[in-house]
Structures are given as C-alpha cells and as structure tokens.
Amino acid sequence: MAMDLITTNTSSNAASSDFTSSIDSTYKLYIFKFYDVNPATDSTNFQMEGSTGSFGVTKTTTAFSAYHYESDSGASLGYEAGHDLAQSTSPQPLSGSVGNGADECAAGELYLFNPSSTTYVKHFYSKLNLYGADNHSGNWLIAGYFNTTSAVSAVRFSMSSGNFDGTIKMYGVG
Amino acid sequence: MPLGAHKAALFGVAGVSTDTVVLLSTQTASDSASLSFTSGIDSTYGEYIFKFYDVNPATDNEEFTFQVNADGQTGFNETITSTHFWAYQLEDDSTRGMNYNVGQDQAQGTAYQQLAYQVGAGSDESLVGELHLFNPSNTTYVKHFYSKVNCSYETSYPASTNQFAAGYINTTSAIDEISFKMSSGNFDGTIKMWGVK
C-alpha cells in the first residue's frame, strides 16, 4: 500500500485545522506534514490535540530542541520541560515560539501510529523547524503517546493563541 | 505488510514512484568534488527529500555539506541560520554522549551547511541519511530544512555518530538548485532526490 495523500487543509487566518474524517483502521500510520505555518500572534506555539470523540485526550510526552540566534548570541540543545506533558489533557506543543513576521513560519511533520487500535496507547512523534519570534532557528522534537485504548479518530492543529495561516497535509501509510 | 511508495520515501528504493512520492533524480558521485541538482526543484512538490547512501570521502575528518541557489542566482551561497547536534559512541566504548555543535551551525552565514561532521574516510567508512527541504518554491516565507545522518567518525577514532542539522534559508526567493560536497576533497556516494506532493 502506498503513502496516500488523504486530505489537504489550507488555513487562512484560521483558529484550527481539524482532520475529523478518514482517521481509521485503513492505515497503520498517519503522517501530517506542515508547510508555511505562520501565526497571527507573535511568539505562539504550534500545537496538536487528538480526539476519541472529543478533544482532550490524556498524553504523556517528551520535548527537546536546539536553537541558534541569527545574531549568533546564543545556541544550545536541551530538554524543554515546559513543553512536555505528564498525563495531561492539554494540547501538545509541537514547537516553541513561532514568529509572525511576514516571512516567518514553521514546517515539519507528525507521525501518528495505529490510531484505531483499541488495545494499545497511541504513539506519536514530530519534528519541526521554526523561525522564532526573536529571530532564531529552532529545531523541535516531540514524542509521546495518547494514553487511551480508545481509537483516536480526529486530530486538531492550532496555535497556543490566535489564528494562523498554513497548509497541513494528512497521508496514510499501510 | 507491503510498504510500497512509503518504503520508497523512507528507505529510498530505486525505481519506485507514485503520484504522492516521486523519485525525481539519482546522482552517483565517483571521486567527485560535488553533486548538484539543478532541475526539478519547483512548485510541483511541497517538500523535497534527499537521501544519501554510502557517502565515502576521499579525505578523512572532513564535513559533508550542502548549499542552495535562489532562482537566478549562482555560487551556492544563500543565507542560512541553523542548528547542529549529535550523539556519538566510540567502538571501544570509551566515550559516548550528545551535545550541541557550535562550530557546525550558522548564524546568517553563507557557507555550505554541515550535515555531517568529521566523517571517516576509511575503506569501509561512510555516511547515510536524509535532508528534508520544505516548500522551496514559496516566495513569501523562509525555507526550512532538517536532516538526519548516521556516519562513521574519523578514522583514528572509530565511532558511530548520529547527526542532526536544521535551520532555514533566510530568503523569500524561490530555491531551485542544491549542491552537496565535502568541506575538502572528493567523495563517492549516491544521492537521490524525491518529491512529496
């Protein structure tokens, strides 16, 4: 079975980008690719949430990032304690603070494994690069699981505050 | 479970092509100074993935790098801000760890971006990996990229290094050409370019 493009959502000043159909047992892996995610509000996080009928599924996750300023004033690799979750129903940040400048955006991808399983938790991981609000490059790596044995049938992407522009594509694999 | 085109996307099986993930070009270096992809990067695809196979430098302890040209430009010297980190483990188990690599990143630099640092040139040493370039034909935003490479460390310190570069090409012009080379000397290897719709 191929990597099939299932849905393309193009957001223009939207509060969220929701994928509410076609996440089922057809595929064992769903890949979401983010292009040119530009928030309306400066310094906000790009985030995601899953639904088993309603959004707000319990998650435990890890987060780490590397950053480097255009001014060369700072660069580092580290764990991001403020962006992980421990049995929380809050949305999962996929990034730190994305800039809202005219040429600033984020891009990356999220892998969601076997969301229709009713036996196991649902693992996911993401990788994203962003143009930070304070003019830095940020490479963010998030992973974790939806701690539920119910099927996850919908995924929502949004900013931590405000609207955003961008394109998100959902692919199904095997 | 057959993986089909996704297997192609993830592992680079030659000759596999679908409407979603398309193998656009394969280039093979044989004691070459560089490999460049100067056609096929356009608005057809929202993402381009470059896969590296068996990249073996002629000179030990050099870096595997890339740069791009904006539309109409030459010289492979676009402005990049980037990060680089790695994890490593020596074959003799004497040293392991992970850290940020200050010398391998760029802050508004125009140099070739390092994807792999201190690559071994031994007869059985090489690197493999991939580079994702997002929406290079966009003329509104910067162009993000990230890479993951595993490589043999310099010959005098046999080790496995897992290296991660990421950043953006800080231009709103379309990117339509890309070049790969070692920081010094020639190399052998194969690089494939895929388009993702």
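Good morning. I begin with a definition: a salt bridge is a side-chain nitrogen of Lys or Arg within 4 Å of a carboxyl oxygen of Asp or Glu. By that rule, K33(A), E109(A) and E47(B) are linked in a network of salt bridges. The structure above is a predicted model, and I shall use this network as the way into it.

Let us first consider confidence. The model scores ipTM 0.93 and pTM 0.92. For chain B, the mean pLDDT is 92, with 91% of the residues at 70 or more. One stretch of chain B needs caution: in residues 1-17 the pLDDT is below 50. That stretch nevertheless has 42 contacts in the model beyond near neighbours in sequence.

Now to the network itself. Which residue of chain B meets the side chain of K33(A) in a salt bridge? The partner is E47(B), with N to O at 2.8 Å. Within chain A, the side chain of K33(A) also forms a salt bridge with that of E109(A), at 2.7 Å from N to O. This second pair links distant parts of the chain, since K33(A) belongs to strand β3 and E109(A) to strand β9, 76 residues apart. Both K33(A) and E109(A) are buried.

The bridge to E47(B) leads us to the interface. How many salt bridges are counted between chain A and chain B? The count is one. Polar contacts across this interface come to 18 residue pairs, with both residues of each pair at pLDDT 80 or more. Several elements of chain A give two or more residues to the side that touches chain B, namely β1, β3, β5, β6, β9, β10, β11 and β13. Strand β3(A), with seven residues, gives the most to that side. Sorted by class, the side of chain A that touches chain B holds 25 nonpolar, 10 polar and 12 charged residues.

As for the extent of the interface, chain A brings 47 residues to the contact and chain B brings 44. The area buried between the two chains is about 3200 Å², and carbon and sulfur atoms account for 64% of it.

A single residue can show the interface in more detail. Please find H68(A), which is in strand β5 of chain A. Is H68(A) buried or exposed? Its relative accessible area is 0%, and a residue under 20% is called buried, so H68(A) is buried. Its side chain makes a polar contact of 2.7 Å with the side chain of D72(A). Towards the other chain, a polar atom of the H68(A) side chain lies 2.9 Å from the backbone oxygen of Q106(B). If we leave aside neighbours within four places in sequence, H68(A) is in contact with residues of chain A including G74(A), A75(A), H136(A) and S137(A). On the side of chain B, its contacts include T81(B), S82(B), T83(B), Y100(B), D105(B) and A107(B).

I return now to salt bridges, of which the rule gives six over all chains. One of them joins the side chains of R156(A) and D18(A), at 2.9 Å from N to O. Why does this pair tie together parts that are apart in sequence? R156(A) lies in strand β12 and D18(A) in strand β2, so the pair ties together parts 138 residues apart. Both ends are partly exposed: R156(A) has a relative accessibility of 30%, and D18(A) has a relative accessible area of 27%.

Another salt bridge is formed by E49(A) and K59(A), whose closest N and O atoms are 2.9 Å apart. Here E49(A) sits in strand β4 and K59(A) in strand β5, 10 residues apart. Unlike the previous pair, these residues are buried: the relative accessible area of E49(A) is 6%, and K59(A) is at 0% relative accessibility.

Finally, I draw your attention to the backbone at two places in chain A. N13(A) is not a glycine, although its phi is positive, at about 55°. N13(A) is placed in strand β1 and is partly exposed, with a relative accessible area of 49%. N114(A) likewise is a residue other than glycine with a positive phi, near 40°. N114(A) is found in the loop between β9 and β10, and at 23% relative accessibility it counts as partly exposed.

To close, I suggest looking again at K33(A), E109(A) and E47(B), the salt-bridge network with which we began. Thank you.

Methods:
Residues numbered from 1 in each chain as written. Chains lettered and ligands numbered in written order. Heavy atoms only, no water. Helix = DSSP H or I, 4+ residues; strand = E, 2+ residues; numbered from the N terminus. Buried < 20%, exposed > 50% of the residue type's maximum accessible area, 1.4 Å probe, protein only. Contact = heavy atoms within 4.5 Å. Buried area = accessible area lost by both parts, 1.4 Å probe. Polar contact = N/O pair within 3.5 Å; in protein donor to acceptor, adjacent residues only side chain to side chain. Nonpolar A, V, L, I, M, F, W, Y, C, P; charged D, E, K, R; others polar. pLDDT = per-residue confidence, 0-100.
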